[in-house]
Amino acid sequence: FRATLIALALMAASCDRGPTPDPAADEAAIRQVIADMEVAWNRGDFRGYMAGFKNPDVVFVSRGEFQRDWQGTLDHYVRDYGGTAERRGQLHFSDIQIEMLSPDAAQLISRYRLERPLDPQDGINTRLMRKVDGQWVIALNHVSSKMLAP
């Protein structure tokens, strides 16, 4: 009887752990978030682009300043990049490096290039990705950019 109770207790304890982390699947999901963001930007869908960020409390650092929050970041994109396709430009992410820190956290570093007639940009994004309600989102985003000659 005692052995049966011990076996049941061990089975119950193993069930409470939840799903086993799958780093390869998590990395693929993170890469998909970034790919979806790139596509959304390039079609002029800033709200779709922002779906990749933690809402409402993303921490976003750019140009040596903190953006206010998710809405403040969206407002910044609409204000500074909205209007025309030429003003928005074409965004490309490359050299994406992901390091899994835990089952619900990852560090992502990538290059980005914003091609447009005026003020093209090139730079690096450093991002803390978090898994929230089963979805990977950017919780902290730091952009280091440089303006390129048109």
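## Working through a predicted fold

**Exercise 1. List the buried residues of helix H2, then check the helix's length.**

Solution. The buried residues of H2 are Asp-26, Ile-30, Val-33, Ile-34, Met-37, Glu-38, Ala-40, Trp-41 and Asn-42. Keep in mind that this is a predicted model. Now for the background: an α-helix has 3.6 residues a turn, so residues three or four places apart point the same way. With that in hand, go back to the list and pick out Ile-30, Val-33, Ile-34, Met-37 and Glu-38, which are among the buried ones.

Next, the length. H2 covers residues 23–42, which is 20 residues, and at 1.5 Å a residue the expected span is 28 Å. The C-alpha atoms at its ends lie 29 Å apart, so the two values agree. Just past the end of H2 comes Gly-44, with a positive phi of about 85 degrees.

**Exercise 2. Work out the order of helices and strands along the chain.**

Solution. Start with the count: the chain has five helices and six strands. Then put them in sequence order, and you get α-α-α-β-β-α-α-β-β-β-β. To see how the chain packs, take two totals. Of its 150 residues, 35% count as buried. Of the contacts with a separation of 6 or more, 52% are between residues 24 or more positions apart.

**Exercise 3. Trace how S3, S4 and S5 pair up.**

Solution. Begin with S3 and S4, which are antiparallel and share ten bridges. One bridge to look for puts Leu-91 across from Leu-114 in S4. Two residues separate these strands, and the pair makes a hairpin.

Move on to S4 (residues 105–115) and S5 (residues 121–132), again antiparallel and joined by ten bridges. Here Ala-106 has Met-129 in S5 as its bridge partner, and Leu-108 sits opposite Arg-127. This pair is a hairpin too, with five residues between the strands. If you're following side chains as you go, remember that in a regular strand they alternate between the two faces of the sheet.

**Exercise 4. Find the backbone oddities and say where each one sits.**

Solution. First, the yardstick: most residues other than glycine have a negative phi, and most peptide bonds are trans.

- Step one is the peptide bond between Asn-55 and Pro-56, which is cis, with omega about 15 degrees. Pro-56 belongs to the loop between helix H3 (46–50) and S1.
- Step two is Asp-95, which isn't a glycine but has a positive phi near 50 degrees. This residue is in strand S3, and it counts as exposed because its relative accessibility is 51%.
- Step three is Asp-119, another non-glycine with a positive phi, about 55 degrees. Its place is the loop between S4 and S5, and at 46% relative accessibility Asp-119 counts as partly exposed.

**Exercise 5. Decide whether Gly-89 is buried or exposed, and name its neighbours.**

Solution. Place Gly-89 first: it's in the loop between helix H5 (85–88) and S3. Its relative accessible area is 3%, and the cut-off for buried is under 20%, so Gly-89 is buried. Leaving out residues up to four places away in sequence, Gly-89 touches Trp-41, Asn-42, Leu-114, Glu-115 and Arg-116. Two of these, Trp-41 and Asn-42, are on the buried list for H2, and Leu-114 is the S4 partner of Leu-91. Finally, compare Gly-89 with Gly-44: they're 45 residues apart in sequence, with C-alpha atoms 9.1 Å apart in space.

**Exercise 6. Describe the largest pocket and what lines it.**

Solution. Take the volume first: about 240 Å³. The lining has 19 residues, and those closest to the pocket's centre are Tyr-77, Tyr-81, Tyr-112, Gln-121 and Val-143. Then ask which elements contribute. At least two lining residues come from each of strand S1 (59–62), helix H4 (70–81), strand S3 (90–102), S4, S5 and strand S6 (135–147). S6 gives the most, with four. Last, sort the lining by type: eleven residues are nonpolar, six polar and two charged.

Definitions and conventions. Residues numbered from 1 in each chain as written. Predicted model: local features only at pLDDT ≥ 70, side-chain atom pairs only at ≥ 80, totals over all residues. Heavy atoms only, no water. Pairing = 2+ DSSP bridges. 1 Å grid on protein atoms, 1.4 Å probe; cavity = no way out; pocket = protein on both sides within 12 Å on 5 of 7 lines; lining within 4 Å. Points joined across faces, edges and corners; volume = space filled by probe spheres on them. Nonpolar A, V, L, I, M, F, W, Y, C, P; charged D, E, K, R; others polar. Expected span 1.5 Å × (residues − 1). Buried < 20%, exposed > 50% of the residue type's maximum accessible area, 1.4 Å probe, protein only. Contact = heavy atoms within 4.5 Å.
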